[in-house]
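Got the model open in your viewer? Set it to cartoon, keep the selection box handy, and follow along from stop to stop.

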Amino acid sequence: MAYDVAAVRAHFPALREGAAHFDGPGGSQTPDVVADAVRETLTSAIANRGSVTAAERRAEEIVRTARRTMSEFLNAGSIVFGRSMTQLTYDISRTLAKNWRPGDEIIVTRLDHDANVRPWVQAAESARATVRWAPFDRTTGELPVEAVTNLLSDRTRVVAITAASNLLGTRPDVAAIAAAAHEMAAFVYVDGVHYTPHLPVDVEAMDADFFVCSPYKFLGPHLGVLAAAPELLETLRPDKLLPSTNAVPERFELGTLPYELLAGTTAAVEFMRGLDGLEEHESGLRDQLEAGLRELGVRIYSKASARTPTVLFSVDGLEPAEVYRRLGAEGVNAPAGHFYAIECSRWLGLGDKGAVRAGIGPYNDESDVDRLLKAVAKLR
């Protein structure tokens, strides 16, 4: 069955405002079913989780359903919810760092979003551990497996790696990197924030010890999700309040969970599951966009053989912020910057200004791409 983009778009009230949204990598638009789930939860009787009152039981069921749904969606073990992927990564890095010693090594990459770089760098500094940097190829945008594995040693404690670059879209071979890291008894922490909205996720197949993602990038509410095997989480002792439970995964969750956002996350996953043909649809639009940009003589940085439908580009003679502003005036939302992948932007030679990023999502169609290309053409 062909991907019915018109039917998908009908679920997104925000599209009625008329903009062509290529800003999904920074946060997707939200379908009506997700908003309905959030609203219904907020307007229903609800309380702290328990089993005595209907309000308590409703809260308990929302949490259990969200955990089960995310676990199935990611093919993963336990699910920890947090305010954001960044918060969860800081929490885990600090917890792991309690066992690091001077001379231990942490591997990060130049490709990653800073949320999968700075928490590890700072935790390493606190433990007097050594940070080793894996470079990617500036010309192709590829992160070869050996760029990471050549840095491994018996002192490696963590390899922090992205499943897909939020700036370039590059998709490294995470499973191969994880296999090599595990031979050295290192943990593998995978940032799946930009990967999860576009491709089926299989945390077990990736061989990731920790996998993090953000529902607001795949049509859900603002929230962070961490997946890990319950046996692994049992070995970790995060800082927590004295009376809070020591059970896994709750020991990693600080305070009362946002039940309405968990309900919205469940609804988002269910909506995503119904998007048959999504990868082919998005790839087709990416091909259309890249071909059009090349005809216009635009400089494209997203070149990896395996990548998400994300295109980073610049227009010669114009600052990225100016391109962003002028596209916005045409009703095309394609922002510019480094998007917190600051090491990646600098490694590319783009400095802290970055470039323009056009991210394709489930609700984009050919007319959106045409509008973007026509708006870029006006810049020449």
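**Stop one: a glycine in a loop**

Select Gly 354 and show its neighbours: leaving aside residues up to four places away in sequence, Gly 354 touches Pro 320, Gly 337, His 338 and Ser 345, where contact means heavy atoms within 4.5 Å. Gly 354 sits in the loop between α13 (342-347) and β13 (355-359); helices (H or I, at least four residues) and strands (E, at least two) are DSSP runs, numbered from the N terminus. Its relative accessibility is 5%, so Gly 354 counts as buried (buried is under 20% relative accessible area, exposed over 50%, partly exposed in between, with a 1.4 Å probe and protein chains only). Now add Tyr 340: its C-alpha atom is 9.8 Å from that of Gly 354, with their positions 14 residues apart along the chain.

A word on ground rules. This is a predicted model, in which local features need pLDDT of at least 70 and side-chain atom pairs count only at pLDDT 80 or more, while totals for chains, interfaces and linings use all residues. Residues are numbered from 1 along each chain as its sequence is written, and side-chain values use heavy atoms, with hydrogens and water left out.

**Stop two: the largest pocket**

Keep Tyr 340 on screen and add Thr 86, His 113, Tyr 216 and Lys 217: of the 21 residues lining the largest pocket, these five lie nearest its centre. Here a pocket is an open set of points on a 1 Å grid over the protein atoms alone, with protein on both sides within 12 Å along at least five of seven lines; a cavity is a set where a 1.4 Å probe fits but cannot get out, and lining residues have an atom within 4 Å of a point. The volume of the largest pocket is about 440 Å³, counted as the space filled by probe spheres set on the points, with grid points joined across faces, edges and corners.

Which helix should you colour here for the largest share of the lining? Pick α4 (residues 85-97), which supplies three residues. Colour the lining by class and you get nine nonpolar, seven polar and five charged residues (Ala, Val, Leu, Ile, Met, Phe, Trp, Tyr, Cys and Pro are nonpolar; Asp, Glu, Lys and Arg are charged; the others, Gly among them, are polar).

**Stop three: an enclosed space**

Leave Lys 217 selected. The whole structure has one cavity of 30 Å³ or more, and about 130 Å³ of space lies in it. It is lined by 18 residues, and Lys 217 is among the closest to its centre, along with Gly 24, Pro 25, Pro 197 and His 198. The lining comprises eight nonpolar, eight polar and two charged residues.

Next, select Leu 219, in the loop between β7 (210-213) and β8 (224-228). Leu 219 is not a glycine, yet its phi is positive, about 80°. With 1% relative accessibility, Leu 219 counts as buried.

**Stop four: an arginine and the second largest pocket**

Go to Arg 67 in helix α3 (residues 54-74). Is Arg 67 buried or exposed? Its 13% relative accessibility makes it buried. Its contacts, again not counting residues up to four places away in sequence, are Arg 49, Ile 79, Val 80, Phe 81, Pro 249, Glu 250, Glu 253 and Leu 257.

Zoom in on Pro 249, in the loop between α9 (230-234) and α10 (259-273). A cis peptide bond, with omega about 10°, joins Val 248 to Pro 249. Then select Glu 250 and Glu 253 with Thr 245, Gly 255 and Thr 256: they lie nearest the centre of the second largest pocket, which 14 residues line. That pocket holds about 300 Å³, and its lining divides into four nonpolar, five polar and five charged residues.

Follow the chain to Asn 75, in the loop between α3 and β2 (78-82). Its phi is positive too, near 50°, and Asn 75 is partly exposed at 31% relative accessible area.

**Last stop: one helix, one face**

Select α7 (residues 174-183) and show its buried residues: Val 174, Ile 177, Ala 178, Ala 180 and Ala 181. Look down the axis: those residues fall within an arc of 165°, so they line one face of α7 (the arc is that of the directions from the helix axis to the C-beta atoms). They pack against α6 (145-149), β5 (156-162), β6 (187-191) and α8 (203-206).
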